[in-house]
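Q: I would like to go through this model with you. Could we settle the vocabulary before turning to the details?

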Amino acid sequence: MASGEIRKLDKANAKITIKHGEIKNLDMPPMTMVFQVKDASVLETLKAGDKVRFVVQKSDTGFVVTDIQAAK
């Protein structure tokens with residue numbers, strides 16, 4: 001799982017902006033970017049500023065967060 005901090009939620013379009021550390025499985029350096037969310041209902045439990053751990057996968061339409069949870 002990658003770690004990051006939520007910067008913005010776009011519930012209407014099921015997207016989330018995360019400032020994240022390195023995402024090893026995608027060979028992606030730390031940055032801030034917008035991801036699609038597989039299950040939009042998870043956005044109801046999150047807010048900007050939350051520290052999270054998440055899993056992201058590459059799909060035909062971009063990068064999709066398939067699992068996200070509050071960091072402990």
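A: Certainly. A residue is called buried if its relative accessible area is under 20%, exposed if that area is over 50%, and partly exposed in between. The model itself is predicted.

Q: With that cut-off, are Phe 35 and Phe 54 buried or exposed?
A: Phe 35 is buried, and Phe 54 is buried as well.

Q: What is the overall fold of the sheet, and in what order do the strands run?
A: Five strands form a closed barrel in the order β1-β2-β3-β5-β4, and the pairing is mixed. On average, neighbouring strands of this sheet are turned by 55° against each other, with direction ignored.

Q: Which strands pair in the parallel sense?
A: Strand β3, residues 31-37, pairs in the parallel sense with strand β5, residues 62-70, over two bridges. Gln 36 has Val 64 in β5 as its bridge partner.

Q: And how many bridges link β1 to β2, and β2 to β3?
A: β1 and β2 are antiparallel and pair over six bridges. β2 and β3 also run antiparallel, joined by six bridges. Examples from the second pairing are Ile 16, whose bridge partner in β3 is Phe 35, and Lys 15, which stands opposite Gln 36 in β3.

Q: What about β4 and β5?
A: They pair in the antiparallel sense over eight bridges, and Val 52 stands opposite Ala 70 in β5. β4 and β5 form a hairpin with two residues between them.

Q: How many residues separate β1 from β2 in their hairpin?
A: Four residues lie between β1 and β2 in that hairpin, and Ala 14 in the turn has a positive phi of about 55°.

Q: Let us move to the interior. Which residues have the most contacts inside the largest nonpolar core?
A: That core has 16 residues, and those with the most contacts inside it are Ile 16, Ile 18, Ile 23, Phe 35, Phe 54, Val 65 and Ile 68. Two or more residues come from each of β1 (2-10), β2 (15-20), β3, β4 (51-59) and β5. As a general background, nonpolar side chains in soluble globular proteins tend to be buried together.

Q: What does Ile 18 touch?
A: Leaving out residues up to four places away in sequence, Ile 18 touches Gly 4, Glu 5, Met 31, Thr 32, Met 33, Phe 35, Phe 54, Val 65 and Ile 68.

Q: How many aromatic pairs are there?
A: The count comes to one aromatic pair. The ring centres of Phe 35 and Phe 54 are 5.8 Å apart and the planes are at 55°, so the pair is tilted. Since Phe 35 lies in strand β3 and Phe 54 in strand β4, the pair ties together parts that are 19 residues apart in sequence.

Q: Which ring has a charged end sitting over it?
A: The ring is that of Phe 63: the charged end of Lys 58 sits over it, 5.0 Å from the ring centre.

Q: Now a polar residue. Where is His 20, and is His 20 buried or exposed?
A: His 20 is in strand β2 and is buried, with a relative accessible area of 5%. In the pairing of β1 with β2, His 20 is the bridge partner of Gly 4. Apart from neighbours within four places in sequence, the contacts of His 20 are Ser 3, Gly 4, Met 28, Pro 29, Pro 30, Met 31, Met 33, Phe 35 and Phe 54.

Q: And Asp 67: where is that residue, and what does Asp 67 touch?
A: Asp 67 is in strand β5 and is partly exposed, because its relative accessible area of 35% falls between the 20% and 50% limits. Not counting residues up to four places away in sequence, Asp 67 touches Met 1, Arg 53, Phe 54 and Val 55.

Q: How far is Asp 67 from Asp 39 in space?
A: The C-alpha to C-alpha distance is 8.5 Å, while the two residues are 28 residues apart in sequence.

Technical notes
Residues are numbered from 1 along each chain as its sequence is written. This is a predicted model: local features need pLDDT of at least 70, side-chain atom pairs count only at pLDDT 80 or more; totals for chains, interfaces and linings use all residues. Side-chain values use heavy atoms; hydrogens and water are left out. Two strands pair if DSSP finds at least two bridges between them. Axes are lines fitted to C-alpha atoms, for helices over the stretch in contact, and angles run from 0 to 180 degrees between N-to-C directions. A nonpolar core is a set of buried Ala, Val, Leu, Ile, Met, Phe, Trp, Tyr and Cys residues joined through side-chain atoms within 4.5 Å. Buried means under 20% relative accessible area, exposed over 50%, partly exposed in between (1.4 Å probe, protein chains only). Contact means heavy atoms within 4.5 Å. Rings of Phe, Tyr and Trp (its six-membered ring) pair if their centres lie within 6.5 Å; planes under 30 degrees apart count as stacked, over 60 as edge-to-face and the rest as tilted. A charge sits over a ring if NZ of Lys or CZ of Arg is within 6 Å of the ring centre and within 35 degrees of the ring normal.
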